[in-house]
Amino acid sequence: MKIYAHRGSSGTHPENTIAAFLDASKLPIHGIEFDVHMTKDGELVIIHDEKIDRTSNGKGYVKDMTLAELRNYDFGSWFSPQFKGEHIPTLYEVLDIFSETSHHLNIELKSDVIDYQGMTEKVLDLVGNLNLDTRVVISSFNLDAIRTVKELAPHIETGALFMKPLKDPLEYVRNIPTDALHIKVRSALRPSMRQLFNEGVIVRVFTINTAKYLSALKEVGVDAIFTDYPEKLYVYMKNHMN
Ligand code: G3P
Ligand code: MG
């Protein structure tokens, strides 16, 4: 079972920062996950929430600030004084960190609350310009964004995100359409999900921070987990699972 560092190494570093991604880039794990929003001046930035309040010393919506304005805030100190001075990264800066590694990159489009006009197209353009088409999976809770990716760039892998268990998961996968499902652990372990594994749909599970469900997830056929503690779970899986 593969490991994705969720928001970088976010259990030990401030999430979605250069520090968290540099740490993850040195690990022998399969991939990295991070979240994209868009600024007032159309720049793609990496942050989980629509607002900067929780993960910086500032307040307000990303959509209402320019990149230059966002750069006035500190995105590390809230986690620990050790990380003072971390800025909000752009998508380009994060992709650049991984230009010399072979990690798979999960770009999550956070357009499910605010429908950032043109964000999907901008992400696809940058991925294409950097020749990363075969190294990314683009995911979202916004299923229209997934459809747009598949229309504009059918060769790019997509992942549909779901919080709740699905009644007929195969029908969902076919209707969206998507290459993978990214779901919660309880959904993955439901008997109704077996049809997905039987059909070879890629299922990735978020967010797994302890060893508790690892064996069960592996047994049902889960392809990968997202974790805030990639190093810890890598060591555990290496020592306890094949
Ligand atoms: O992509 C998996 C996971 O990141 C989805 O939830 O809220 O952590 O972005 P969230
Ligand atoms: Mg995410």
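Reader: Before we start, what makes a contact a salt bridge here?

Author: The term needs a side-chain nitrogen of Lys or Arg within 4 Å of a carboxyl oxygen of Asp or Glu. Please keep in mind that this is a predicted model. By that rule, a search of the whole structure turns up 13 salt bridges.

Reader: Why is the pair R54 and E15 called a salt bridge?

Author: The N to O distance between their side chains is 2.7 Å, and the cut-off is 4 Å, so the pair qualifies. R54 sits in the loop between β3 (44-46) and α2 (67-70), while E15 sits in the loop between β1 (2-6) and α1 (18-25), and the two are 39 residues apart.

Reader: How do you know that R54 is partly exposed?

Author: Its relative accessibility is 37%. Partly exposed covers what lies between the 20% and 50% limits, so R54 belongs there. E15, at 10%, falls under the 20% limit and is therefore buried.

Reader: Which residues share a network of salt bridges with R54 and E15?

Author: R7, D35 and D49 are linked with them in that network.

Reader: What makes D179 and K150 a salt bridge?

Author: Their closest N and O atoms are 2.9 Å apart, and the rule asks for a distance within 4 Å, so this pair qualifies too. D179 is in the loop between α6 (169-175) and β7 (180-184) and K150 is in helix α5 (residues 143-152), so the bridge ties together parts 29 residues apart in sequence.

Reader: Is K150 called buried or exposed, and why?

Author: K150 has a relative accessible area of 16%, which is under 20%, so K150 is buried. D179 has 31%, between the two limits, and is therefore partly exposed.

Reader: What about E157 and R204: how do you know that they form a salt bridge?

Author: The closest N and O atoms of E157 and R204 are 2.8 Å apart, so the 4 Å condition is met. E157 lies in strand β6 (residues 157-161) and R204 in strand β8 (residues 202-206), so the pair joins parts that are 47 residues apart in sequence. Both E157 and R204 are buried.

Reader: Let me turn to a helix. Why is α1 described as mostly covered?

Author: Six of the eight residues of α1 are buried, and buried means under 20% relative accessible area. The buried ones are I18, A19, A20, F21, A24 and S25.

Reader: What do the buried residues of α1 pack against?

Author: They pack against β1, β2 (31-38), β3 and α3 (91-97).

Key. Residues numbered from 1 in each chain as written. Chains lettered and ligands numbered in written order. Predicted model: local features only at pLDDT ≥ 70, side-chain atom pairs only at ≥ 80, totals over all residues. Heavy atoms only, no water. Helix = DSSP H or I, 4+ residues; strand = E, 2+ residues; numbered from the N terminus. Buried < 20%, exposed > 50% of the residue type's maximum accessible area, 1.4 Å probe, protein only. Contact = heavy atoms within 4.5 Å.
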